[in-house]
Amino acid sequence: MERPTKEQIRELPLYDGIALENIIVVTNKADAISAIAELKKHSCLGFDTESKPCFIKGEVSDGPHLIQIATQSKVILFPTQFYEYFTDISEVLSDPTIKKVGFGLKEDRKILLRKFGIRLANTEELSSKVMRFARVKQRVGARVAVAMLFNQRLSKSAQQSNWSIFPLHDHQKKYAANDAHTALLIELEIERQSQQ
């Protein structure tokens, strides 16, 4: 499998991703209880976090400001300013029987432990998994993986937005949801192709 260039990726059709109506934003206890119960039913979840970017030298982010967890049909966004309502998220994230897949998990692991004392368990770093699967030498991020496996271009336009501000705009919801959702789809596609 060839690693596409930036120019080749720019030519690809835009990745549509998950529809807005399948993105749930948790801001209260009732929504948190049902969302966490739903996530516990799954053996593998797509996972990511977003933090407000730092633009000043020496500034340290107080993120994560958003935790994203995806099933095949839904993505649940947990803005961490409402963390008091979903402290039980740790039961999903530290559950050794539920696999969490994503890109850049080392940093996610660090900030979740620092801010909430959550120990992320049973994770798979997709950048190295895609690298091994595609037999390419360079590490692979979500954008390149989506191009390689689905022949589509993942938009990264909301990446530098301020994730600490609430409510989130629709384009932020889509961006954040797609990061977690594509991770799960990439994992499932690699598993599917590996069994052929």
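Which residues in helix H2 (residues 29-39) are buried? Select H2 in this predicted model and colour Ala32, Ala35, Ile36 and Leu39, which are the buried ones. Viewed down the axis, these residues fall on the same side of H2, because they cover an arc of only 95° around it. The spacing follows from helix geometry: an α-helix has 3.6 residues a turn, so residues three or four places apart point the same way. Now turn to the face of H2 directed away from the buried side, where Ala30 and Ile33 are exposed.

**Strand E2**

Next, select strand E2, residues 44-50. Seven of its seven residues are buried, so E2 is mostly covered, where buried means under 20% relative accessible area. Show the side chains and inspect each face of the strand in turn. One side holds Cys44, Gly46, Asp48 and Glu50, the other Leu45, Phe47 and Thr49, and all of them are buried.

**From E2 to its neighbours**

Add strand E3, residues 66-70. E2 and E3 run antiparallel and pair over five bridges. To find the register, pick Gly46, which stands opposite Ala70 in E3.

Now add strand E5, residues 99-102, which pairs with E2 in the parallel sense over three bridges. Here Cys44 stands opposite Lys99, and Leu45 has Lys100 as its bridge partner.

Stay on Lys100 and bring in strand E6, residues 123-125. E5 and E6 pair in the parallel sense, again over three bridges. In E6, Thr123 is the bridge partner of Lys100. Lys100 is thus a partner of Leu45 in E2 and of Thr123 in E6.

To follow the chain between these two strands, display helix H4, residues 105-116. E5, H4 and E6 form a β-α-β unit, and its hand is right.

**Backbone exceptions**

The next stops concern the backbone. Most residues other than glycine have a negative phi, and most peptide bonds are trans. Four places in this model are worth checking against that.

- Go to Asn122, in the loop between H4 and E6. Its phi is positive, about 55°, although Asn122 is not a glycine. Asn122 counts as partly exposed because its relative accessibility is 33%.
- Move to Asn151, in the loop between H6 and H7. Phi of Asn151 is near 55°, another positive value in a residue other than glycine.
- Select Gly63 and Pro64, which are joined by a cis peptide bond with omega of about 10°. Pro64 sits in the loop between E2 and E3.
- Select Phe166 and Pro167, where the peptide bond is cis and omega is near 0°. Pro167 lies in the loop between helix H6 (142-150) and helix H7 (170-194).

**The second largest pocket**

What lines the second largest pocket? Select Leu14, Tyr15, Asp16, Leu154, Ser155, Ser157, His171, Lys174, Tyr175 and Asn178 to see its lining. The volume of this pocket is about 180 Å³. Colour the lining by residue class: four residues are nonpolar, four polar and two charged. A surface display is useful at this stop, as rolling a probe the size of a water molecule over the atoms shows where empty space is left.

How values were computed. Residues numbered from 1 in each chain as written. Predicted model: local features only at pLDDT ≥ 70, side-chain atom pairs only at ≥ 80, totals over all residues. Heavy atoms only, no water. 1 Å grid on protein atoms, 1.4 Å probe; cavity = no way out; pocket = protein on both sides within 12 Å on 5 of 7 lines; lining within 4 Å. Points joined across faces, edges and corners; volume = space filled by probe spheres on them. Nonpolar A, V, L, I, M, F, W, Y, C, P; charged D, E, K, R; others polar. Pairing = 2+ DSSP bridges. Helix = DSSP H or I, 4+ residues; strand = E, 2+ residues; numbered from the N terminus. Right-handed = clockwise from strand over helix to strand, strands pointing away. Buried < 20%, exposed > 50% of the residue type's maximum accessible area, 1.4 Å probe, protein only. Arc of directions from axis to C-beta.
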